[in-house]
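Work through the exercises below with the sequence and the structure at hand. Each task is followed by a stepwise solution.

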Amino acid sequence: MKFITVFIPILIVFLFACTLNSEQEAELNESTQSYLAARQNGAILMYVSKTHPEVIRFYKSLGDSSFIKKFELSPTEFSINDASIEQIKKSNSEIHVLYTSQSVEHMFSSEVKDTFKFVAISSDDGQQWLYMDYEDYVNKLIAPSLERLLLEK
């Protein structure tokens with residue numbers, strides 16, 4: 001009896017902690033790997049196509065130089081370490097996932113590590129994913145109508 005009183009609350013916490021089902025998680029992992037590969041390999045078209053359209057719209061409205069500066073992928077040699085999930089929030093069919101990753105730049109035989117955060121967003125219950133840098137996610141001038149699930153308390 002004591003086992004059940006301990007096991008049931010743990011099971012409930014575990015079930016609510018797993019906010020993505022296996023299909024959603026598989027699609028998220030595949031899409032995120034594609035997004036990170038585009039960033040790392042300098043595939044600008046793929047990088048832009050995986051970026052949330054509101055981010056693209058915002059930087060295009062600032063002019064060509066702002067758009068180019070935002071989406072220019074540095075020609076320096078760098079690698080991106082696997083991203084790790086920090087937080088997942090879900091509301092109806094909207095899912096937001098906060099990632100942290102490190103880019104390691106190899107310059108003159110020394111390594112410079114830079115940590116960056118980005119957000120994966122799905123509006124169709126995890127079937128398709130779009131991305132934005134965390135700095136763009138917290139900027140409410142970009143996509144003002146977007147509900148920012150990760151910022152709510």
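## Exercise 1: The cavity

The largest cavity has a volume of about 50 Å³. The model is a predicted one.

Task: Find how many cavities of 30 Å³ or more the whole structure holds, which residues line the largest cavity, and which element gives the most to its lining.

Solution.
1. A search of the whole structure returns one cavity of 30 Å³ or more.
2. The lining of the largest cavity consists of Tyr-35, Tyr-47, Thr-51, Val-55, Lys-70, Phe-71, Tyr-131, Met-132, Asp-133 and Asp-136.
3. Sorted by element, H5 and S5 are those that give two or more residues to this lining.
4. S5 gives the most, with three residues.

## Exercise 2: Charged pairs

Task: State how many salt bridges the structure holds, and work out for Lys-70 and Asp-136 which elements their salt bridge ties together.

Solution.
1. Side chains of opposite charge can pair when their charged atoms come close. The structure holds six salt bridges.
2. Lys-70 and Asp-136 form one of them, at 2.7 Å from N to O. Lys-70 belongs to helix H5 (residues 64-71) and Asp-136 to helix H6 (residues 134-138), so this salt bridge ties together parts 66 residues apart in sequence.
3. Both Lys-70 and Asp-136 are buried, which here means under 20% relative accessible area. Both residues also appear in the lining of the largest cavity.
4. The pair belongs to a network of salt bridges that links Arg-39, Lys-70, Asp-133 and Asp-136.

## Exercise 3: Two further salt bridges

Task: For the pairs Lys-90 with Asp-125 and Arg-57 with Glu-54, give the N to O distance and place the partners in the chain.

Solution.
1. In the salt bridge between Lys-90 and Asp-125, the closest N and O atoms are 3.1 Å apart.
2. Lys-90 sits in strand S2 (residues 84-91), and Asp-125 in the loop between strand S4 (110-122) and strand S5 (130-133), so parts 35 residues apart in sequence are tied together.
3. Lys-90 is partly exposed at 38% relative accessible area, and Asp-125 is partly exposed at 32%.
4. For Arg-57 and Glu-54, the closest N and O atoms are 2.4 Å apart.
5. Arg-57 and Glu-54 are three residues apart in helix H4 (residues 53-61), which means a separation of about one helical turn. Glu-54 is partly exposed, with 25% relative accessibility.

## Exercise 4: The faces of H4

Task: Decide which residues of H4 are buried, and against which elements they pack.

Solution.
1. Val-55, Ile-56, Phe-58 and Tyr-59 are the buried residues in H4.
2. Viewed down the axis of H4, these residues fall within an arc of 165°, so they line one face of the helix.
3. The face turned away from the buried side carries exposed Lys-60 and Ser-61.
4. The buried residues of H4 pack against helix H3 (44-49), H5, S5 and H6.
5. Past the end of H4 comes Gly-63, with a positive phi near 115°.

## Exercise 5: The whole chain

Task: Give the order of helices and strands along the sequence, and the share of buried residues.

Solution.
1. The chain has six helices and five strands, in the order α-α-α-α-α-β-β-β-β-β-α.
2. Of its 153 residues, 34% are buried.
3. Among contacts between residues at least 6 apart in sequence, 51% join residues at least 24 apart.
4. About 9,800 Å² of the chain is exposed, with 56% supplied by carbon and sulfur atoms.

How values were computed
Residues are numbered from 1 along each chain as its sequence is written. This is a predicted model: local features need pLDDT of at least 70, side-chain atom pairs count only at pLDDT 80 or more; totals for chains, interfaces and linings use all residues. Side-chain values use heavy atoms; hydrogens and water are left out. Helices (H or I, at least four residues) and strands (E, at least two) are DSSP runs, numbered from the N terminus. Buried means under 20% relative accessible area, exposed over 50%, partly exposed in between (1.4 Å probe, protein chains only). Contact means heavy atoms within 4.5 Å. Accessible areas come from the Shrake-Rupley method with a 1.4 Å probe; for residues, only the protein chains shown count as cover. A salt bridge is a side-chain nitrogen of Lys or Arg within 4 Å of a carboxyl oxygen of Asp or Glu. The arc is that of the directions from the helix axis to the C-beta atoms. On a 1 Å grid over the protein atoms alone, a cavity is a set of points where a 1.4 Å probe fits but cannot get out, and a pocket is an open set with protein on both sides within 12 Å along at least five of seven lines; lining residues have an atom within 4 Å of a point. Grid points are joined across faces, edges and corners, and a volume is the space filled by probe spheres set on the points.
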